[in-house]
Amino acid sequence: QVQLVESGGGLVEPGGSLTLSCARVESFIDIYSVVWYRQTPGKQRMVVAHITPDGDTKYIDSVKGRFTISKDNAKSMVYLQMNSLKPEDTAVYFCNAARVVGNTYYLMASWGQGTQVTVSS
């Protein structure tokens, strides 16, 4: 299976911004949704946002108005712009491709290494 590659994480102060990138999506970007997940130690990986092949987007409530998922089909890249970051956004962020049926995500790629986002003063 294709393994997507995440990048762009780092250490940022509360209120700051980061943009995450998801690469190697060329096989999926026109067919499946691309999904951003995050995971904190001891907890399950959870969906943060997804973007459909048509460009429709969906977010979890805690990031609505702060995060924006987008894609560049020409570059085969998907992004997660994160603004007004809070300490509770601290996590390892992953991307994957998925067929989305309701609230169920049928994954289409292998998990990458993720990218660490730390929000702290």
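User: Before we start, what is a nonpolar core here?

Analyst: Happy to set that out, and please keep in mind that the model is predicted. The members are buried Ala, Val, Leu, Ile, Met, Phe, Trp, Tyr and Cys residues, where buried means under 20% relative accessible area. What joins them into a nonpolar core is side-chain atoms within 4.5 Å.

User: Thanks! Which element gives the largest share of the largest nonpolar core?

Analyst: That core has 29 residues, and those with the most contacts inside it are Trp36, Val78, Leu80, Met82 and Tyr93. The elements giving two or more residues to it are β3, β4, β5, β7, β8, β9 and β11. The largest share is 4 residues, and it comes from β9.

User: How many residues does the other core have?

Analyst: This core lies apart from the one with 29 residues. Among its members are Val35, Phe94, Ala98 and Tyr105. Its residue count is 6.

User: Which residues of β8 does Tyr93 touch?

Analyst: Leaving out residues up to four places away in sequence, the contacts of Tyr93 include Glu6, Trp36, Phe67 and Val117. Strand β8 spans residues 77–82. The contacts of Tyr93 that fall in that span are Leu80 and Met82.

User: Is Ser33 buried or exposed?

Analyst: Ser33 sits in strand β4, which covers residues 33–39. Beyond its neighbours within four places in sequence, Ser33 has contacts that include His50, Ile51, Asn96 and Val100. Its relative accessibility is 6%, and the limit for this class is under 20%, so Ser33 is buried.

User: Now the disulfide: what is its handedness?

Analyst: The structure holds 1 disulfide, formed by Cys22 and Cys95 with their sulfur atoms 2.1 Å apart. Both Cys22 and Cys95 are buried. The torsion about their S-S bond is about 85 degrees, so the disulfide is right-handed.

User: How many residues apart are the two cysteines along the chain?

Analyst: Cys22 belongs to strand β3, while Cys95 belongs to strand β9. The pair therefore links distant parts of the chain through a bond that is covalent. Their separation is 73 residues.

User: Which strands are at the edges of the open sheet?

Analyst: This sheet has 4 strands in the order β1-β3-β8-β7, with antiparallel pairing. Neighbouring strands are turned by 20 degrees against each other on average, direction ignored. Each edge strand pairs on one side only, and these are β1 and β7.

User: What phi does Ser76 have in the hairpin turn?

Analyst: β7 and β8 run antiparallel and are joined by 6 bridges. Within this pairing, Phe67 has Met82 as its bridge partner, and Ser70 has Tyr79. The hairpin they form has 4 residues between the strands, and Ser76 in its turn has a positive phi of about 55 degrees.

User: Which residues make up the uncovered face of β7?

Analyst: The strand has two faces, a covered one and an uncovered one. Phe67, Ile69 and Lys71 form the covered face. The uncovered face is formed by Thr68, Ser70 and Asp72.

User: Last one: which residue's backbone oxygen does the side chain of Gln3 reach?

Analyst: Gln3 lies in the segment before β1 and is partly exposed, with a relative accessible area of 34%. Not counting residues up to four places away in sequence, Gln3 touches Arg24, Ser110, Trp111 and Gly112. At 2.9 Å, the backbone oxygen its side chain reaches is that of Trp111.

Note on methods: Residues are numbered from 1 along each chain as its sequence is written. This is a predicted model: local features need pLDDT of at least 70, side-chain atom pairs count only at pLDDT 80 or more; totals for chains, interfaces and linings use all residues. Side-chain values use heavy atoms; hydrogens and water are left out. Buried means under 20% relative accessible area, exposed over 50%, partly exposed in between (1.4 Å probe, protein chains only). Contact means heavy atoms within 4.5 Å. A disulfide is a pair of cysteine sulfur atoms within 2.5 Å. Two strands pair if DSSP finds at least two bridges between them. Axes are lines fitted to C-alpha atoms, for helices over the stretch in contact, and angles run from 0 to 180 degrees between N-to-C directions. A polar contact is a pair of N or O atoms within 3.5 Å; within protein, one must be able to donate a hydrogen and the other to accept it, and residues adjacent in sequence count only if both atoms are side-chain atoms.
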